[in-house]
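Work through the exercises below with the sequence and coordinates open. Each task is followed by a stepwise solution.

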Amino acid sequence: MEPDTPLSPAVRRAITVPLCAGLALVWLFDLVTHYDPQNRWSGWLTLVSGPLAAAALLFPARRPGPDWRAGVAALGSLALTVGLCGYAQISGSWGLLETVALLILLPRTARRVTRPVTAVTLSAALAAAVIAMPLRGSTTGDYLQFSFVLTFAVGGVVGLGCYLRLLDSRRARAVISVRHNERLELARDLHDFVAHHVTGIVVQANAALMIQETSPEQIKPLLEGISRAGGETLDSMRRLVRVLREDDHHSARPGELLTELERLVSAFAENGAAAALDVAPEVRGIRLVPEVETSVHRVVQEALTNVRRHAHGSDVVVRLELDRHSGGDRLRGEVRNTAPQTRAAVPTGGRGGFGLVGLRERVEAVEGSLTCGQTADGGWCVSADFPVLAAVEGSSA
C-alpha cells in the first residue's frame, strides 16, 4: 500500500471512538475536580478551554488543515495563560483535558505539517503552551513542578512525532524509488521491442527494394506492413520516451506471452502447489503492444511471487479473458489463490511492501488498471485489465 493512502472508514472509526471516549472521561474528571460544593465553579474557564482544545484535535473536516488547528490551539492556550497570570492578575486552575488534547495534537503537528519550518514553529508553540499551562494556578513551587514534569511529556511526544515523520519520509522515498525503477524497467523492455519492430521494418524495406522491378504488385502489402509496424513503434515510444535502459533483465519476448505465462505457472507448480493457467479462446486471437505484453507478464510474476512468500500451500489459478463490457475490448488478467494452509505473519498480498506500488505504476503507464484484495474464502486476488490493439485471425496473444 502507498504512504499517502488515507485510512479506511472502519480504521478511522476504530481510532476515533476510543479517543473520544477517553477525552470525555478526562473532561468528566475536570468537571468533578473544579466543582465547588457551594454551587460555585472554581475554574469555569477550564471547562470551556478543554473542550475547545479537544475540538481542534477531533474536528472531522480536512479544512482547516493541521497547521491552522495547531496554530489556533497553541495561540488560544498561550493567550489564556498570559491573560490569567499577567494582565488579569487572576490565579485560575488548569484542566487535564486541555493538556491531554494539546499533547496529542503536538506529535500530529510534528508529523503531518508539510513545511519543516512551520512544523518546528507550531510544535514549539504547542510545547510552550503545555509547559506554561500549570502557571495559571500559581507561580509557586508546586505548580512549577507540574511544568517540569510536563517538560518530559512534551519531549516524549515530540520525539514520537519526529520518529513518525522520519518513517513517513523514508516510505515516501521508497515509493518514489520503486516507481522510478519500474519506469526504467519498462523502458528497457520498450527498447527491446522497438528494436524488434525496427528490424522487421528494415527487412520489409529491403524486400521491397529487391522486388520493385520484378514484382511491383507486392510492393503495396510490404509498405502497409512497414506503416503498421512504424505506427505501433511510435505509439510505444510516446508512452515512455523519457525513461532509460537497464541491464540484466529477462522478460517476455514479442508474441510469446502465453508461452512465458505457461513457463511461470509451471515453475510455480514445481514447488508442490497446485497451479493452473486458464486462457479464454478469444484471448488467442488478440494483439497487444509490446509494453502491454511485458506488463501482463510482470503482473502474473509479481502475484505468484507474493503467493509463494505469504500464502504457503495455496492453490493458484491464472486466468486471461477478454472483457467486452467496458465500451471496448480489454484484456483482463487475474491471479487468484485460495486461503493459505499456514497463515504467514504478513498478510497475503504483502501489506506494507512496495511490490504492488511499482506494479500499479507499471500497469497505469500502459493505460491499464490494477486492483487487488482479499477474497471471501480468505485468499487473495490480483486483477488487471489492459488495452487491446486488434484481433488477428489465427494469431496468438
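Helices here are DSSP runs of H or I with at least four residues, numbered from the N terminus. The model is a predicted one.

**Exercise 1.** Place Val48 in the secondary structure and classify its exposure.

Solution. Step 1: Val48 belongs to helix 2, which covers residues 44-58. Step 2: buried means under 20% relative accessible area and exposed means over 50%, with partly exposed in between. Step 3: the relative accessibility of Val48 is 42%, so Val48 is partly exposed. Step 4: together with Trp44 and Leu52, Val48 makes a nonpolar surface patch of about 340 Å².

**Exercise 2.** Check the length of helix 4 (residues 96-112) against its expected span, then list its buried residues.

Solution. Step 1: the expected span is 1.5 Å times one less than the number of residues. Step 2: helix 4 has 17 residues, so it should span 24 Å. Step 3: the end C-alpha atoms are 24 Å apart, in agreement. Step 4: the buried residues of helix 4 are Leu97, Glu98, Thr99, Ala101, Leu102, Leu103, Leu105, Leu106, Pro107, Thr109 and Ala110.

**Exercise 3.** Describe the largest nonpolar core and the elements that supply it.

Solution. Step 1: this core holds 37 residues, and Val296, Leu304, Leu320, Leu331 and Phe386 have the most contacts inside it. Step 2: elements that each supply at least two of its residues include helix 8 (257-269), strand 4 (316-323) and strand 7 (380-387). Step 3: helix 9 gives the largest share, seven residues. Step 4: another core, of 27 residues, lies apart from it and includes Ala53, Leu57, Ala73 and Trp94.

Conventions
Residues are numbered from 1 along each chain as its sequence is written. This is a predicted model: local features need pLDDT of at least 70, side-chain atom pairs count only at pLDDT 80 or more; totals for chains, interfaces and linings use all residues. Side-chain values use heavy atoms; hydrogens and water are left out. Patches are made of residues with over 30% relative accessible area and no salt bridge: like charges are joined within 9 Å, nonpolar side chains (Val, Leu, Ile, Met, Phe, Trp, Tyr) within 5 Å. Accessible areas come from the Shrake-Rupley method with a 1.4 Å probe; for residues, only the protein chains shown count as cover. A salt bridge is a side-chain nitrogen of Lys or Arg within 4 Å of a carboxyl oxygen of Asp or Glu. Buried means under 20% relative accessible area, exposed over 50%, partly exposed in between (1.4 Å probe, protein chains only). A nonpolar core is a set of buried Ala, Val, Leu, Ile, Met, Phe, Trp, Tyr and Cys residues joined through side-chain atoms within 4.5 Å.
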